[in-house]
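Biologist: Hello! I have a few questions about how the names we use for parts of a structure are earned. Could we look at one together?

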Amino acid sequence: MTKDQKVVAIQEIKDLLQDAKVVYVADLEGLNAAKASDFRRQAFKQNIKVKVVKNTLLQKAMEQIEGVDYSEMFETFKGNSAIMISETANAPAKLIKDFRKKDEKPALKSAFVQETFYLGDNNLDTLVSIKSREEMIGEIIGLLQSPIQRVVSALQNKSETVEAKAEEAAPAVEETPAVEAPEAPAAESTDETPAAE
């Protein structure tokens, strides 16, 4: 690789990393062409960018990124490396874990997620369990809706109870005039009697 090619490759990596909040470095070594292609296809479906990179170029690109010190990850850059960039914190970890149900690779080397570094494949389960922004928002909305739903439910139950009591009272009201109705003609006949006299 010429010096110019290296400069271009470093710039490409920098462009990928520039505003990335979720960066995984994985080992894809040992995946044959078909499996590697399948892995990339699944990553694409989940909106995860995957790029196989040279470790030295990745390190140089990371050193040039302002605002994040990736130096903790550098010790994991050995052998074959691929960077995975995603908007969702746990998506790359889930992809790796799902893919490993059939194969022992890919393996997690390191990750930078939510301003925290995770080094080594033993952190994969931890990363899988991280909630994505969307999941957290959903949970918060669910928690906020729960008391509101209870209030609405209580109000609906109260209005149904009031309606039920009104329905129970309504037949009683109807029965009362029916009982009074025969008394009314009796009163009229009393009125008629003095008129006859």
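**A charge, some rings and a helix**

Modeller: Happy to! This is a predicted model. Let us start with K102, whose charged end sits over the ring of F99, 5.5 Å from the ring centre.

Biologist: What makes 5.5 Å count for the charged end of K102 and the ring of F99?

Modeller: The charge has to be within 6 Å of the ring centre. The value for K102 and F99 is 5.5 Å, so the distance part of the definition is met.

Biologist: Why is the pair of Y70 and F112 called edge-to-face?

Modeller: Ring centres must lie within 6.5 Å to pair, and planes over 60 degrees apart count as edge-to-face. For Y70 and F112 the values are 5.4 Å and 70°, so the name edge-to-face fits. The two rings come from distant parts of the chain, 42 residues apart: Y70 lies in the loop between α3 and β3, and F112 in strand β4.

Biologist: How do you know that Y70 is buried?

Modeller: Buried means under 20% relative accessible area. Y70 has 1%, so Y70 is buried. F112 has 7%, so F112 is buried as well.

Biologist: What makes Y70 and F117 an edge-to-face pair?

Modeller: Their ring centres are 6.4 Å apart and their planes are at 80°, so this pair is edge-to-face. Here Y70 meets a residue of strand β5, 47 residues apart from it in the chain. Y70, F112 and F117 together form one aromatic cluster.

Biologist: Now for helix α3: how do you know that its buried residues line one face?

Modeller: The buried residues are N55, L57, L58, A61 and M62. Looking down the axis of α3, they fall within an arc of 165°, so they line one face of the helix. On the other side, T56 and E63 are exposed.

Biologist: What do the buried residues of α3 pack against?

Modeller: They pack against α1, β1, β2, β3 and β4.

Biologist: Which residues have the most contacts inside the largest nonpolar core?

Modeller: They are Y24, F39, V50, M84, V113 and L127, in a core of 25 residues. Helix α4 gives the most to this core, with 5 residues. A second, separate core of 21 residues includes I13, V25, L57 and L58.

Biologist: And which residues does V113 touch, leaving aside its neighbours within four places in sequence?

Modeller: V113 is in contact with K21, V22, Y24, A89, Y118, L127 and I130.

Technical notes. Residues numbered from 1 in each chain as written. Predicted model: local features only at pLDDT ≥ 70, side-chain atom pairs only at ≥ 80, totals over all residues. Heavy atoms only, no water. Core = buried A, V, L, I, M, F, W, Y, C linked by side-chain atoms within 4.5 Å. Buried < 20%, exposed > 50% of the residue type's maximum accessible area, 1.4 Å probe, protein only. Helix = DSSP H or I, 4+ residues; strand = E, 2+ residues; numbered from the N terminus. Contact = heavy atoms within 4.5 Å. Arc of directions from axis to C-beta. Phe/Tyr/Trp six-rings, centres within 6.5 Å; stacked < 30°, edge-to-face > 60°. Lys NZ or Arg CZ within 6 Å of the ring centre and 35° of its normal.
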